[in-house]
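These are my notes on the model, set out as numbered points. They go through the aromatic pairs, the annotated site and the ligand surroundings.

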Amino acid sequence: MAANTQTIEVPNDAELMQAQADLFRHSLYYLTSMGLRCAVELGIPTTIHSLGGAASVSDLMSSLSLPDNKLPFLQRLMRVLVTAGVFAAEGGSGSGRSTFDVERFRLTPLSRILVDGVVADEHHSQRCFVLGVTSRHYVDAAFALAEWFRKDLASPVPSPFEDVHGARLFDESTPELDPELDAVVNEGLAAHDNLGIGTLLRECRGVFEGVKTLVDCCGRHGATARAIVKAFPQIKCTVLDVPRLVDQAPRDGVVNYVAGDAFQAVPSAQAVMLKLVLHHLSDDDSVKILTQCRKAIPSRKEGGKVIVIDILVGPSLGPVMFEAQLMMDMLMMVNTRGRQRDEKDWHDLFTKAGFSDYKVVKKLGARAVFEVYP
Ligand SMILES: C[S@@+](CC[C@H](N)C(=O)[O-])C[C@H]1O[C@@H](n2cnc3c(N)ncnc32)[C@H](O)[C@@H]1O
């Protein structure tokens, strides 16, 4: 039965006020993103770090050499970023009347991973991740989403990014589109992928114990492979990546490098790892690579397994982690042909690639570690 579109149930007073507040929040979240980008461009996290981990708004004004009349605006930006958890506020008179009543701003874990120019074990500045995902090219692609939905595009369906810009991300066509974007997104991707390697090795020791040979499939310059060998010196580790990447890899003798095409063949090993690779790929391409990985390993009895590290979408870790996973899925949808997958999606991929079984070894934040058996 067709609905009567001439009438509508109007929310009650309380619902209406809440709906309006939710409308403000959801329509304006891009200002949080851009506020975060602004803080990164100005170098606020790095400045607070260089000032000893805490700074007043006046300290920030002088360290960043901002014109005096921008002080009230900087306070307003910081208030939003404190509310979003990017910075923490401390001190103030405590009258409770003013939302600007802050003596100093401190770094939180989130802004600490945005501090740049520091060399420390397990510190990977996420500055370029923020600059990449909030870049004009990404925003332009997201802006064209409705138009992209309406277009009857032939399969395999290009992403909105490809449709708008005529180039693919993380591809040889990206520098032709914009060399600056290419540099930022590659640095951002490396920072994103390197974050949490230490956590993985501490929390999932059992995944690597007893492994004698391992191929890090699509392992880029070998940062993860070198960390694995450092933690588990008994593992002989080989990185497979495209010739362009392998040519630039550091030859320190810690890991072997093989230039090749994971769609064609993966070098043999007891275990093959796919870390943050498949979420960039369509299901068809993921099955092709997983199939090559399966062919490269021995039977389960002989210790053969594929280690997959990727996002496992699901609400079990609470609404904040779930929202982060869904945002990462939208990021993939708008900019790549990949997707973030829930457990059914992973089960289907592993089955199509000919694996007999798998287990989720551990959930590490938004990501999970799987062992997949032939
Ligand atoms: C998202 S990155 C992988 C991240 C990496 N596993 C890590 O955790 O740091 C994707 C990698 O796949 C590589 N790649 C793309 N196509 C490939 C192919 N056909 N064969 C092998 N490597 C490929 C890229 O060069 C890139 O280094």
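1. F149 counts as exposed because its relative accessibility is 55%, and the cut-off for that class is over 50%. This is a predicted model, so the value is computed from predicted coordinates. W148 is buried, with a relative accessible area of 13%. The two residues thus fall into opposite classes: W148 is under the 20% limit for buried, whereas F149 is over the 50% limit for exposed.

2. W148 and F149 also form an aromatic pair. Their ring centres are 5.1 Å apart and the planes make an angle of 75 degrees, which places the pair in the edge-to-face class. The structure holds 8 aromatic pairs.

3. A second pair is made by W346 and F370. Here the centres lie 5.2 Å apart and the planes are at 45 degrees, so the pair is classed as tilted, between the limits of 30 and 60 degrees. The pair links distant parts of the chain: W346 sits in helix α18 (residues 343-352) and F370 in strand β11 (residues 367-373), with the two positions 24 residues apart in numbering. Both W346 and F370 are buried. Together with F350 and Y358, they form one aromatic cluster.

4. UniProt, in an unreviewed entry, places the feature "active site" at H279. In the model, H279 lies in the loop that runs between β7 (271-275) and α16 (283-296). Is H279 buried or exposed? H279 is buried, because its relative accessible area is 1%, under the 20% limit.

5. Which residues are in contact with H279, apart from neighbours within four places in sequence? They are H192, D310, M332, T336, G338, R339, Q340 and R341. With D310 there is a polar contact between side chains, at 3.3 Å.

6. H280 lies in the loop between β7 and α16 too. H280 counts as buried because its relative accessibility is 18%, under the limit of 20%. The side chain of H280 makes a polar contact with the side chain of H279, at 3.4 Å. Not counting residues up to four places away in sequence, H280 touches F170, L189, M332, T336, R337 and G338. M332, T336 and G338 appear in the contact lists of both H279 and H280.

7. The ligand is surrounded by 15 residues, and the closest are C218, D241, D261, A262 and K275. Two of these have a polar backbone atom placed by a ligand nitrogen atom: the distance is 2.9 Å for A262 and 2.7 Å for K275. On the oxygen side, a polar side-chain atom of R220 lies 3.4 Å from an oxygen atom of the ligand. Taken alone, the ligand exposes 600 Å², and the protein buries 84% of that.

8. The same record type supplies a domain annotation: UniProt (unreviewed entry) lists residues 145-356 as "domain: O-methyltransferase C-terminal". Over residues 145-356, the chain is 47% helix and 15% strand. The C-alpha atoms at the two ends of this segment are 38 Å apart.

Definitions and conventions
Residues are numbered from 1 along each chain as its sequence is written. This is a predicted model: local features need pLDDT of at least 70, side-chain atom pairs count only at pLDDT 80 or more; totals for chains, interfaces and linings use all residues. Side-chain values use heavy atoms; hydrogens and water are left out. UniProt positions are given in the numbering used here, feature names are shortened, and annotations may be inferred rather than shown by experiment. Helices (H or I, at least four residues) and strands (E, at least two) are DSSP runs, numbered from the N terminus. Buried means under 20% relative accessible area, exposed over 50%, partly exposed in between (1.4 Å probe, protein chains only). Contact means heavy atoms within 4.5 Å. A polar contact is a pair of N or O atoms within 3.5 Å; within protein, one must be able to donate a hydrogen and the other to accept it, and residues adjacent in sequence count only if both atoms are side-chain atoms. A residue is near a molecule or strand if one of its heavy atoms lies within 4 Å of it. Accessible areas come from the Shrake-Rupley method with a 1.4 Å probe; for residues, only the protein chains shown count as cover. Rings of Phe, Tyr and Trp (its six-membered ring) pair if their centres lie within 6.5 Å; planes under 30 degrees apart count as stacked, over 60 as edge-to-face and the rest as tilted.
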